[in-house]
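Colleague: Could you walk me through the annotated binding site in this one? I'd like a close look at the individual positions and their surroundings.

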Amino acid sequence: MDSRTLKRRDLAALWHPCTQMKDYGEEGSLPLLAIRRGEGVWLEDFDGRRYLDAISSWWVNLFGHANPVINAAIRDQLDELEHVILAGCTHEPVVQLSERLIEKTPEPLTRCFFADNGSAAVEVALKMSFHYWKNRGHPEKQRFICLSNSYHGETLGALAVGAVELYRSTYAPLMMPVITVPAPDCFEREAGETCADVARRQFAHMERALAEHADETCAVIVEPLVQCAGGMRMHDPEYLRLLRAACDRYDVHLIADEIAVGFGRTGTMFACEQGPISPDFLCLSKGLTGGYLPLAVVLTTDEVYDAFYDDYERLNAFLHSHSYTGNPLACRAALATLDIFDREPVLERNRELARHMGEALAPLREHPHVAEVRQTGMIAAVELVQDKSARTPFPWQERRGLHIYRHGLTRGALLRPLGNVSYLMPPYVITPEQIDFLVEVMREGIERAVRS
Ligand SMILES: *Cc1c(COP(=O)(O)O)cnc(C)c1O
């Protein structure tokens, strides 16, 4: 098999995710990569060309492709049990994984409910919160509060609590109504303000929404510290502290969607630790299996669990399921991933890598079309603008970020942008030299993007 043949067959049979297929058709300008194998940070195509996976294959990969520890765990599990229904049955990997996740996450989280992708985890958290209030005699609590520019997945419930219009607006007539509050995005700071100042200033909107709507609200849902799909926009942990305290005061749940930022991505094992706060629901997926297999989990408290624990006839049970809930192969991949965290100084190493990434990217701050270089742990983003002083964005139709993407591919780097934001969110096994290489390719790409 060669790359060209595979691409031809692909384009005749597949419909790709999050893609205008015409971009890849005969008149299109984007190449389709036919990947044959992966190893560490590298992906290799059928012609032997290599690409450094700077975005961890959509933020899922933590310890590289074909990681020997995770490979061995999955092979071992394959000979024991590939899958079994999780209603009425249990198995060792799912029990071990639940115990270890409870141990690693903030104190009051004591129960694991599994799903098979991030969007499904968000649906679980939303339904559970709503159902909790119903079981506790508060059926009037039916609404959710979310932040502007937030992203929680693509299924209708998860999409409804998101606010990235590109993904949402087409389907708006299908969505449940939500209360959307301005985000504490530090990119929007005014002269002289720190990110903590922005957090406090913007929290006034949340406080007002809660004061007005708490009686009819189940939960507030947030992406702690980084709104990833929303363009890697970042906020100060101060916002999490204020939000946790307010949710307690107003008797509203807090759902932390750490699907993208969990597992060491922001510098701590979980972003909430930087508050430090603990949510009533913690949604995890993506890095949970080290980027190997689809799996998601919602952790919650005894308080929530107890509201469902009752005689069957009272119909208070959480009757939600997915066919592949708690799949043993995926759980073994997750256990092997946690093993790596336990055996190696991952967070310490990430701190060094993050420091290096910050230093390497710093000179880009001076670039006349770079409005901001921002970073939280192992996520670093460069925001391109047409006019630096006014922060006027390039018109989205010009798709400037794609120049960086196409240039990256010619240089052996997979730098898929988010609109006019180019970012690095690499596997944790990247080296400082490889970071330097990515930054160099990004800089060259930015020159092409702003010139054309
Ligand atoms: C990716 C993502 C989701 C959705 O997860 P899927 O597995 O793609 O459905 C939800 N929330 C956040 C913050 C994400 O980054």
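Modeller: Let's start with a side-chain pair: Tyr 151 and Glu 154 make a polar contact through their side chains, at 2.7 Å. Bear in mind that this is a predicted model. Tyr 151 sits in a loop, the one that links β5 (143-147) to α6 (156-160). Its relative accessible area comes out at 19%, and since the cut-off for buried is under 20%, Tyr 151 counts as buried. As for what packs around Tyr 151, leaving out residues up to four places away in sequence, you'll find Gly 162, Val 164 and Tyr 167, plus Glu 223, Ala 229 and Asp 257.

Now for the wider set. Tyr 151 is one of the residues that UniProt, in an unreviewed entry, annotates as "binding site"; the others are Trp 58, Lys 286, Ser 321 and Arg 416. They span 359 residues of sequence, and they're spread out in space too, with up to 33.6 Å between C-alpha atoms. From this set, Lys 286 is part of the lining of the largest cavity.

Arg 416 is worth a look as well. This residue is also in a loop, here between β15 (413-414) and β16 (421-424). With a relative accessibility of 27%, Arg 416 is classed as partly exposed, because that class runs between 20% and 50%. Again skipping residues up to four places away in sequence, Arg 416 touches Cys 18, Ile 55, Tyr 405 and Tyr 423, and also Trp 58. Trp 58 is itself on the annotated list, so here two members of the set are in contact, with heavy atoms within 4.5 Å.

Notes. Residues numbered from 1 in each chain as written. Predicted model: local features only at pLDDT ≥ 70, side-chain atom pairs only at ≥ 80, totals over all residues. Heavy atoms only, no water. UniProt positions renumbered as here; feature names shortened; annotations may be inferred. 1 Å grid on protein atoms, 1.4 Å probe; cavity = no way out; pocket = protein on both sides within 12 Å on 5 of 7 lines; lining within 4 Å. Helix = DSSP H or I, 4+ residues; strand = E, 2+ residues; numbered from the N terminus. Buried < 20%, exposed > 50% of the residue type's maximum accessible area, 1.4 Å probe, protein only. Polar contact = N/O pair within 3.5 Å; in protein donor to acceptor, adjacent residues only side chain to side chain.
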